[in-house]
Amino acid sequence: MAERMADVGQRVIRDYMPDQHRDFYAQLPFIVAGSVDAQGDAWATLLKGQPGFIFSPNATTLDIAARPDTSDPAAAGMTDGAPVGLLGIELHTRRRNRMNGVLTAIGGGLRVQVDQSFGNCPRYIQLRDFRFDHAPGRAYQGEVETLSTLDDAARTAIRHADTFYVTTYADQARRQVDVSHRGGKPGFVRIGADDVLTIPDFNGNLFFSTLGNIVLNGKAGLLFIDYASGDVLQMSGDATVITDSAEIAAFQGAERLWRFSARRIVRRRAALALRWTDQPDGVSPASLMTGDWPSASERLQAQQLAAQWRPSRITQIVDKSAHICSFHLTPDDGAGVLPHLAGQHLPIRRMLPGNAKPLIRQYSLSVAPSDGYYRISVKREGAVSQYLHDALRVGDRLEVRAPAGDFTIDANETRPAVLLAAGVGITPLLAMLRHLIYEGRRKRRMRPVYLLQSARNLAERPFARELDALLAASEGALKLVRVLSQPGEAEAGVDYDVAGRIDMALLSQVLPFNDYDLCGPPSFT
C-alpha cells in the first residue's frame, strides 16, 4: 500500500495549481479552511465572499480576500507563517479541489503559498444551491456558545447531517495541515456513549490524508453546518482509526471506521452569510450506495443467529422465464439480513405435505450482497422446487440458514472476469455480475466482465430485462453475449446474438484469453 500511495502521490499531488484549479477557486463563494492553534488543537471553518474573492496571481499563490471572524476558534491558528489546509468545494456541481500551504496576512485577507495541490472526486457530495443571506464581511454579532458536552441541539444537528468537514495535521519534516469533506446518508455519524462519534470511512481518493494524519497524531477538528440556518458547530478533539471491528463488515460500504471525542466545542448560530437549498434529487449516488447504523445493527444481530434456522417471509414472487421463478425473502424474526458473498447459496428448509420431516435444499442467491435482501431463483424441477412454484404465495414463510459456499468472485481483481451461464445456472453468476457492477460504480473502478448466457429459446431465457439494465449501468465494462440453441422466430441482433451453443469456437471469437468460470447443467459443463 505504501508503494502504491507513493506512486499515486507522484502522479497527482503537485507543488503548484493547474490553471483549471486556479479558475475554479476564483468562482467560489466560500472555501473550507483548516488550521491548528497554539495548543495543537485542529479546527475547520469557512471563509466567505462574493465569487471572485479568491484570486490566484500565479500557479503557486492563492489570495483570499477574507479572514475568519474574531469569534471563530479557527482564527487563532491562521497567522503569518502558519500552515493551512484548504478545500474548494462547489456544492451545486460536486466539484472539489484541495490545497495545503503556508499563510501570509495581506491587507484584509490572506495569501497562501502552495505546498501540495490535488484534485478530489465528486463522490458523497449532496447537491445544494447557495445564496447570500447578508453581506459576507459583516462581523458576527451573535453569542459564541462554548459547550462542555454536546447538548440536545448539537446532537440533533449531527444526527441529521449528511456532510461535515474535518481538519487533521501531521508534524514531520514540517507541519502539514489538511481539511477534507465527508459525506453519507443522514445519520451516518453515530453518537455513542460519552458523546463519542463513530464515522464509517468509505472508498475515496486513496490519498489517506485524513486517516494517515489521525494515525500519526490522533487529533482532528470537525465542522458541522446547518445549511438552512447558517449555524456552525465546531469541535476539536481526539480521533482514532478502527481497522478491526465487526461493525465494518456490517456497515455497507465501510472499509474502516474512525472515532472522534471532542475536547472543545463551539457553536455560533447563524454565523454564516451563506444559506443553501437542497436540489431536487440531489442526493449523491455514492451516498445512496452506503449503509446506515440501524441496518448495521440489524446485521450484527443477524450474525448472532448465523447457526440457526430463521423464519423468512416471501415478500415478492416474480416469473423470470417459462420455468424459473424468483422468490424474494426477508427475515421475519426482527433481525437483519446476514450478508452473503456473491455466488453463495442459501439453505432453505420446508415441511412438505406427506413428509415426516422437513426437506432441506440449497438454492443459489441471485442478488448481490448490496441489494440488502435474499432472492432465490428456482427452476420448476424436483419435489421441493415444484412445491415452491405451485404452493407458496407472498406472505408465506420458509426457514433459512446463513448463506454458504466457496463459488464467489473478487470485485477488486483487475483481470477480466468471464461468466458462462446455461439455463438456471445464471443465478449465482447474476449475483456476481450485480456485485461487480455495484462495487465498480461505488469505487469508480469497474472490473471488466464477459457474460455469455445460453438458453434453449427466448421464452426460457431468464433475467433478460435485468441483464439489459446491468449492461446499461456497467459503463462499458460488461460485454453480454446472448446465445439461443433453438431461436425459432426470435430476431437475430435484437433478441439474441448467437445461434447455437457456447463452445470453444465461440469463446475464441469473443475472448482474448482462455480462463473463465461457468455454471450450468452437466451437459453444458
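A residue counts as buried when its relative accessible area is under 20%. Arg434 has 19% relative accessibility, so Arg434 counts as buried. The model analysed here is predicted. Arg434 belongs to one of the salt bridges described below, after the overall architecture and the domain contact.

The protein has 525 residues, and 52% of them count as buried. The secondary structure comprises eleven helices and 28 strands. Along the principal axes, the C-alpha atoms fill a box of roughly 85 × 50 × 40 Å. Contacts were also examined by sequence separation. Among those with a separation of 6 or more, 71% join residues 24 or more positions apart.

The domain assignment divides the protein into three parts: domain 1 (1–135 + 148–291), domain 2 (305–400) and domain 3 (417–519). The C-alpha centres of domain 1 and domain 3 are 43 Å apart. Eleven residues from domain 1 and six residues from domain 3 take part in the contact between them. Together the two domains bury about 760 Å². Carbon and sulfur atoms carry 50% of that area. On the domain 1 side, Arg123, Asn203 and Met289 supply 57% of the area buried against domain 3. No other three residues supply more.

Polar and charged interactions also cross this boundary. Two salt bridges are counted between domain 1 and domain 3. Four residue pairs are in polar contact, with both residues at pLDDT 80 or more. The side of domain 1 that touches domain 3 has five nonpolar, three polar and three charged residues.

Glu255 and Lys443 form a salt bridge, with the closest N and O atoms 3.8 Å apart. The cut-off for a salt bridge is 4 Å, so this pair qualifies. The pair links distant parts of the chain. Lys443 is in helix H9 (residues 426–443) and Glu255 is in strand E16, 188 residues apart. Their accessibilities fall into separate classes. Lys443 is buried, with a relative accessible area of 11%. Glu255 is partly exposed, with a relative accessible area of 26%.

Helix H9 also holds Arg434. The side chains of Asp371 and Arg434 meet in a salt bridge, with an N to O distance of 2.9 Å. Asp371 lies in the loop between strand E21 (359–364) and strand E22 (374–379), so the pair ties together parts that are 63 residues apart in sequence. Asp371 counts as partly exposed, at 23% relative accessibility. Arg434, at 19%, counts as buried. Salt bridges that share partners also produce a network. One such network joins Arg182, Asp201, Glu255, Arg256, Glu439, Arg442 and Lys443. Glu255 and Lys443, the pair described above, are among its members.

The structure holds 40 salt bridges. One of the pairs is formed by Glu145 and Arg267, whose closest N and O atoms are 2.8 Å apart. This pair, too, links distant parts of the chain. Glu145 is in strand E9 (residues 144–147), and Arg267 is in strand E16 (residues 254–268), 122 residues apart. Glu145 is buried, with a relative accessible area of 13%. Arg267 is buried as well, with a relative accessible area of 6%. Both values are under 20%, so both partners fall in the buried class. Strand E16 thus recurs in this account: Arg267 lies in it, and so does Glu255.

Backbone geometry was examined next. Most residues other than glycine have a negative phi. Tyr124 has a positive phi of about 65° although it is not a glycine. Tyr124 is found in the loop between strand E7 (109–119) and strand E8 (128–132). Its relative accessibility is 7%, so Tyr124 counts as buried. Glu475 also has a positive phi, near 55°, and is not a glycine. Glu475 is placed in the loop between helix H10 (464–473) and strand E26 (478–484). At 61% relative accessibility, Glu475 counts as exposed. Tyr124 is thus a buried loop residue, whereas Glu475 is an exposed one.

Definitions and conventions
Residues are numbered from 1 along each chain as its sequence is written. This is a predicted model: local features need pLDDT of at least 70, side-chain atom pairs count only at pLDDT 80 or more; totals for chains, interfaces and linings use all residues. Side-chain values use heavy atoms; hydrogens and water are left out. Helices (H or I, at least four residues) and strands (E, at least two) are DSSP runs, numbered from the N terminus. Buried means under 20% relative accessible area, exposed over 50%, partly exposed in between (1.4 Å probe, protein chains only). Domain bounds come from an automatic or database domain assignment. Contact means heavy atoms within 4.5 Å. Buried area is the accessible area (1.4 Å probe) that two parts lose on being put together, summed over both. A polar contact is a pair of N or O atoms within 3.5 Å; within protein, one must be able to donate a hydrogen and the other to accept it, and residues adjacent in sequence count only if both atoms are side-chain atoms. Ala, Val, Leu, Ile, Met, Phe, Trp, Tyr, Cys and Pro count as nonpolar, Asp, Glu, Lys and Arg as charged, and the others, Gly among them, as polar.
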